[in-house]
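Let us walk through this structure strand by strand. Keep the sequence at hand and follow along in the 3D view.

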Amino acid sequence: MKNFWELSPQWTRGPQRWEAKDGTLTVYTDPHTDLWQRTYYGFQNDSAPVLQVKTDERYFSFTVRTRFPDAHHRFDQCGVALYLDAENWLKASIEYENEQFGRLGSVVTNHGYSDWATTDIPASVKEMWYRLSRRESDFCLECSEDGKTFRQMRICHLWEGAGEITFGVYACSPETSSFCAQFDQFAITPCLWLAHEGETPT
């Protein structure tokens, strides 16, 4: 596959203010932007900007570094995303919660219902790498604090994830806030999520 920037990334709901220069994307989030569908909260938010490329490649990994030193308001977030349409997508990010901790997590939305898996991390963490890997309609999300050692966040299936997909990065501020998010070290490689080996559980 080509370099991310050579694949002509396009915005889904572009932010009012952003810049791409020397391989670094800088986004200033707009208030009241978010992605969520129905589950628990009841509301449907489909307003976060996502910069994405298209591919029909069935096996690959996408890696990117995020930096967010001035995230400061509840739910401020930035990370990796695979957005097909309002009711079918996934994302991984750190969401600011308060001065003590943030929430490292992921959301998978299938057919209009979202789930959210999280773990609390120190609020001092202001940089994170993410790796999204595809094996046909199955996906693996991983994170790393140094870009070298990645740990698994989740494995999931997208019911509409066969064929051509779109993937990339996003940043948003669901409440009355705005912050600067930066993305760099974009890399698209052969799939680093290896096929399962060993006995099949019974």
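Over how many bridges do β10 and strand β11 pair? The count is 10, and the sense is antiparallel. This is a predicted model, so every value here is computed from predicted coordinates. Strand β10 spans residues 101-110. Strand β11 takes up residues 113-122. To place the register, find G102: I121 in β11 stands opposite.

Now look at the turn. β10 and β11 form a hairpin with two residues between the strands. H111 belongs to this hairpin, and its phi is positive, near 50°.

Go to the other partner of the pairings described here. Strand β9, residues 88-96, also pairs with β10. The sense is again antiparallel, this time over eight bridges. A92 marks the register, standing opposite S106 in β10. β9 and β10 form a hairpin too, with four residues between them. So β10 pairs with β9 and with β11.

How much of β10 is covered? The strand is mostly covered, with eight of its 10 residues buried. In general, side chains in a regular strand alternate between the two faces of the sheet.

Turn next to strand β7, residues 59-67. F60 lies in this strand. Is F60 buried or exposed? Its relative accessible area is 1%. Buried means under 20%, so F60 counts as buried. Now trace F60 to L192. The two are 132 residues apart in sequence. In space, their C-alpha atoms are 7.1 Å apart. The fold thus brings together two positions separated along the chain. Two further backbone angles deserve a look. Which residue before β1 has a positive phi? It is S8, in the segment before β1 (10-12). Phi of S8 is near 55°, a positive value in a residue other than glycine. At 48% relative accessibility, S8 is partly exposed.

The second is F75. Where does F75 sit? Its place is the loop between β7 and β8 (77-85). F75 is not a glycine, yet its phi is positive, about 80°. With a relative accessible area of 22%, F75 is partly exposed. The cut-off for buried is under 20%, which is why F75 does not count as buried. Set the two phenylalanines side by side: F60 is buried at 1%, whereas F75 is partly exposed at 22%.

How values were computed. Residues numbered from 1 in each chain as written. Predicted model: local features only at pLDDT ≥ 70, side-chain atom pairs only at ≥ 80, totals over all residues. Heavy atoms only, no water. Buried < 20%, exposed > 50% of the residue type's maximum accessible area, 1.4 Å probe, protein only. Pairing = 2+ DSSP bridges.
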